[in-house]
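Morning, everyone. One structure today, and a quick tour through it. Have a look at the screen.

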Amino acid sequence: MTSLPTLPLVPPGARGTCDTDLALDPWQVDTRPGYGPGASAADPIPPGAPRQGGLPELYKRLGDEELRRRIVAAKQALGERVVVLGHFYQRDEVIDHADVVGDSFQLARAATERTEAETIVFCGVHFMAETADVLSPGHQRVILPNLAAGCSMADMATIEDVEAAWSQLTELYAGQDADVDPEDTRLPVLPVTYMNSSAAIKAFCGHHGGIVCTSSNARSVLDWAFARARRVIFFPDQHLGRNTARAMGVPLEAMPVWNPREPLGGNDPQSLHDARVILWQGFCSVHKRFTVEQIDRARAEHPGVRIIVHPECSMEVVDAADESGSTDHITKAVAAAEPGTTFGIGTEINLVRRLAAQYPQHTIFCLDPVVCPCSTMYRIHPGYLAWVLERLVDGETVNQVQVPPEVQDGSRLALERMLACRAGDRPADATGRSS
Ligand code: SF4
């Protein structure tokens, strides 16, 4: 792909960074208990989450130009045997080497289409590498350059907590739904998980009649789910679930939040009985930083500004924006706009800065005046990319992400249901009840 200029860490108008540790290299924070500098620094990593072993000292000492030269040389040596995928939120000095750039699902699909590549180097986060491993043919292996690149949101729904919630809900509904009309053959509850979840959660959904969604197709997927179940439990992002279901007409009082630390998720049995969507208490540390005050300030300082936010932002922020949509929606909206449009964007800073560089005919700024990247994407430094590629040149595979076969099967089932699902798959009215 075309190389873009590396943008300064603190763009003009920004008010510093959210964490002074952003000046550190990732290997200085890989062994710390949190996710490292950035928006999710304060969130706890659950036990069992993958950790990165030591990066060889050589790669810590190499300068930017030498790393670039070595990455280019290794990619040339590997040729079509390797494909490098880069997520929209990745830093520019890594994106410069990506063969494909996109959101998590676009990248997983791209991986399946590059069948000539024996190795997929996924410059994203752990759940994305898992999805690529599930969807890719057996002869391909997937490498995550830094295993410490997790996702704080995905880690908010552990398989243990999800199974505990499921057993409470199925027991509750077995009693409550005993008098349901026998003509109503829908399930009492069906699990739906956002792509940003572990393969174990996707497999759980696959094994329980459920499905995966992305931020682009969440509405179609909920339509599909409502046609098959009286209720949905939505993992792990409460905001995407709430924003999507509310836009479909589901009232807020029918969307209780499930706190995995409380019995019945902190809810009373009646509210769970009346629920249409049970929202797992997860969130994205990056997108929760966007506020209505930032939008008000942007409108005051830039009359006529077009505000677009990601649906992982809170409902109040989505309401205050002109529109909300996935990273794909945001990039297409910017590309299609009349020259001279001013955009205030509520999503991760690396994508916003890249859009600003790619579309100089517009004025594009991030709504958050404090620079705060996704701290886990930040873990993929060119030093790790150079290391894994040079090991491949030497015939050695490091940092392979392998989903166990039994998890692969359930996960693939939930993903395939998503791929087969179409909006209006079966009619559902605005409250989600089948007609
Ligand atoms: S931006 Fe948020 S949801 Fe996306 S990888 Fe980072 S922490 Fe996870």
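I'll take the core, then the ligand shell, then two annotated residues.

This is a predicted model: local features need pLDDT of at least 70, side-chain atom pairs count only at pLDDT 80 or more, and totals for chains, interfaces and linings use all residues. Residues are numbered from 1 along each chain as its sequence is written.

The core. The largest nonpolar one has 126 residues. By nonpolar core I mean buried Ala, Val, Leu, Ile, Met, Phe, Trp, Tyr and Cys residues joined through C-beta atoms within 7 Å. Buried means 20 or more other C-beta atoms within 10 Å, with C-beta atoms placed from the backbone. Helix α15, residues 382-393, gives the most to this core, with 7 residues. Helices are DSSP runs of H or I, at least four residues; strands are E, at least two.

Phe122 is among the residues with the most contacts inside the core. Leaving out residues up to four places away in sequence, Phe122 touches Leu85, Met128, Ala129, Ala132, Val142, Ile143 and Leu144. Contact means C-beta atoms within 7 Å.

Now the ligand. 14 residues surround it, each with its C-beta atom within 6 Å. Among the closest are Cys151, Cys284 and Cys374.

Next, the record. An unreviewed UniProt entry lists binding site residues, including His87 and Glu312; such annotations may be inferred rather than shown by experiment.

His87 lies in strand β1, residues 82-87. Is His87 buried or exposed? Buried, because it has 27 C-beta neighbours inside 10 Å.

Glu312 sits in the loop between β10 and α12. Glu312 has 29 such neighbours inside 10 Å, so it also counts as buried. Beyond four places in sequence, Glu312 touches Asp237, His239, Leu240, Cys284 and His287.

Technical notes: Buried ≥ 20, exposed ≤ 12 C-beta atoms within 10 Å, placed from the backbone. Contact = placed C-beta atoms within 7 Å.
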